Amino acid sequence: MKKYIFTILLAFLTAAAQGQPNQRLQQLDAFLQQQGINVSHKQTNAIDGSITHIMHAFPNLVNLHPSFSQDMSEEEKQRLIHEYDSVNALRRQYFDNILDSIRITFARLGKEASENYMYEYHKNGVDTISYSLAFLSENDTLRPSRYNNLVIFGRAREAALFDYHEGYSEWFGGTEGIGNYNHSYSIPSGITWDNMQPFDTVAFSSHIQPVLKQLKKLKGAKAYSVYWRHDEGFKKDDDFVSLTTRQSEYSDNKHTGLTTGIHYFIPSQYKDEAKALYRQLDSLAYDYVNSHPRQPYTYNYVQGFPFLNLKHIVQGHSFKDDSEYYLSCMCDKDGNYHIVTLNNKGELWIPRDWQNLKSYINGERVYLKGMEPKKENK
């Protein structure tokens, strides 16, 4: 559902942006991030000469429940239950403050918004909350869509929604609440698409070099070459953790792709150093895209290295052909950190075990030394 909502928002964002985003919604964005909630921020310069922002947050609540060993006395069990109840009460109070802040913001903005929708249902421990609102520009034509009790206002200059469900979860053996908050808006850049320039991969690479140089100084850190290629007629979806379906108007549309670049490896023992490097890298990347609004880009903010998921911090678009640049990162199952800079021509298909590969060519893998898969004993 979260993926559905995010896709709908991207599809419906308008070209008619005017003015700055609503101050109350900006304050709510900042408040949610300050509470330590999992948040992401997507920013891209659009074809219509505007810069689009999407803030996405997941305020979730899970009540903790104790597990008992067979040799526990009844007194020990009751004491443990009491401790968990105390912790859960504090978690509930903390989370209710977050819900109240969201509720108050949407309620106060209801009168100011061009359109708004508020729905709540509470019964026997089952809670459903759905809020939506939109601010329109003069020429906007609103296109609302509905998903169960949630209304999504499309083609608005600015829109926000909050969707929350709470009830009993068999998985956790208790109450679980799942929230989804989105705030999207567009601001005119004053730059027409005809005046855009290809993303300058050389300048961007130079801009982030100070961080990459620091990385290389860590003992055990390494840099490997990347070479992934798939030619016309080759298709083996099981080989890939991710592949694009984008068909560029500049491409021959033969589903070919060549990806080259550098893979930076940071050992797991440098957890603090890796977090600091990530913050610096993110800051430099964000500074570059904001300083070069003529270069087409998509920027994603995430809170640190995503676990087992190669996330693109920056995607730079050529827009004159099917070439693209990616700055991406990931934390693997062993706690090691990976940063990759990729230059891609055609479609980007990412091999499943990319972090262990020297090259991938039409299904043929060449592994890095010491990274070969273990042979199973027959």
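Q: How do I read a salt bridge, and which residue does E166 meet in one?
A: Start with the general idea: side chains of opposite charge can pair when their charged atoms come close. In this predicted model, the side chains of E166 and R92 meet in a salt bridge, at 2.3 Å from N to O.

Q: Where do E166 and R92 lie?
A: E166 is in strand β8 (residues 158-169), while R92 is in helix α3, so the pair ties together parts that are 74 residues apart in sequence.

Q: Is E166 buried or exposed?
A: Buried, because its relative accessible area is 7% and the cut-off for buried is under 20%. R92 has 23% relative accessibility, so it counts as partly exposed.

Q: How many salt bridges are there?
A: The count comes to 11. Another one to look at joins E158 and R157, with the closest N and O atoms 3.6 Å apart. Both E158 and R157 are buried.

Q: Which residue forms a salt bridge with R365?
A: That's D353, and the closest N and O atoms of the two are 3.0 Å apart. This pair links distant parts of the chain: R365 sits in strand β19 and D353 in the loop between β17 and β18, 12 residues apart. As for exposure, R365 counts as partly exposed at 25% relative accessibility, whereas D353 is buried, with a relative accessible area of 16%.

Q: Which residues do salt bridges that share partners join into one network?
A: R365 and D353 turn up again here, together with K236 and D239.

Q: Let's turn to strands. What should I know about side chains in a regular strand?
A: The general idea is that in a regular strand the side chains alternate between the two faces of the sheet. For a case in this structure, follow β18 (residues 357-361), which pairs with strand β10 (residues 222-230) in the parallel sense over two bridges. To find one of the contact points by eye, go to R229, whose bridge partner in β18 is I361.

Q: In which sense do β18 and β19 pair, parallel or antiparallel?
A: Antiparallel, over four bridges, with β19 covering residues 364-367. Look for Y360, which stands opposite R365 in β19. That's the R365 you met in the salt bridge with D353.

Q: What do β18 and β19 form, and how many residues are between them?
A: They form a hairpin with two residues between them. N362 is in the turn and has a positive phi of about 50 degrees.

Q: How do I read a pair of aromatic rings?
A: You describe it by the distance of the centres and the angle of the planes. This structure holds 16 aromatic pairs. Take F106 and Y131: their ring centres are 5.4 Å apart and their planes are at 40 degrees, so the pair is tilted.

Q: Which parts does the pair of F106 and Y131 tie together?
A: F106 lies in helix α3 (residues 74-109) and Y131 in strand β5 (residues 126-135), so the pair ties together parts that are 25 residues apart in sequence. F106 is buried, with a relative accessible area of 1%. Y131 is buried too, also with 1%.

Q: What kind of aromatic pair do W228 and W354 form?
A: An edge-to-face one, at 6.4 Å centre to centre and 65 degrees between the planes. W228 lies in strand β10 and W354 in the loop between β17 (349-351) and β18, so here the parts tied together are 126 residues apart in sequence. Both W228 and W354 are buried.

Q: Which residues do ring pairs link into a cluster?
A: You've already met F106 and Y131; the cluster also takes in F95, F162 and Y164.

Q: Which residue lies over the face of F68?
A: K77, at 5.8 Å from the ring centre.

Q: Time to zoom out. How many helices and strands does the protein chain have?
A: Five helices and 19 strands. Along its principal axes, the C-alpha trace spans about 70 × 60 × 40 Å.

Q: What share of the 378 residues is buried?
A: Buried residues make up 45% of them. The accessible surface of the chain comes to about 20,400 Å², and 48% of that belongs to carbon and sulfur atoms.

Q: Among contacts with a separation of 6 or more, what share comes from residues 24 or more positions apart?
A: They account for 67% of those contacts in the protein chain.

Note on methods: Residues are numbered from 1 along each chain as its sequence is written. This is a predicted model: local features need pLDDT of at least 70, side-chain atom pairs count only at pLDDT 80 or more; totals for chains, interfaces and linings use all residues. Side-chain values use heavy atoms; hydrogens and water are left out. Two strands pair if DSSP finds at least two bridges between them. Rings of Phe, Tyr and Trp (its six-membered ring) pair if their centres lie within 6.5 Å; planes under 30 degrees apart count as stacked, over 60 as edge-to-face and the rest as tilted. Buried means under 20% relative accessible area, exposed over 50%, partly exposed in between (1.4 Å probe, protein chains only). A charge sits over a ring if NZ of Lys or CZ of Arg is within 6 Å of the ring centre and within 35 degrees of the ring normal. Contact means heavy atoms within 4.5 Å. Accessible areas come from the Shrake-Rupley method with a 1.4 Å probe; for residues, only the protein chains shown count as cover. A salt bridge is a side-chain nitrogen of Lys or Arg within 4 Å of a carboxyl oxygen of Asp or Glu.
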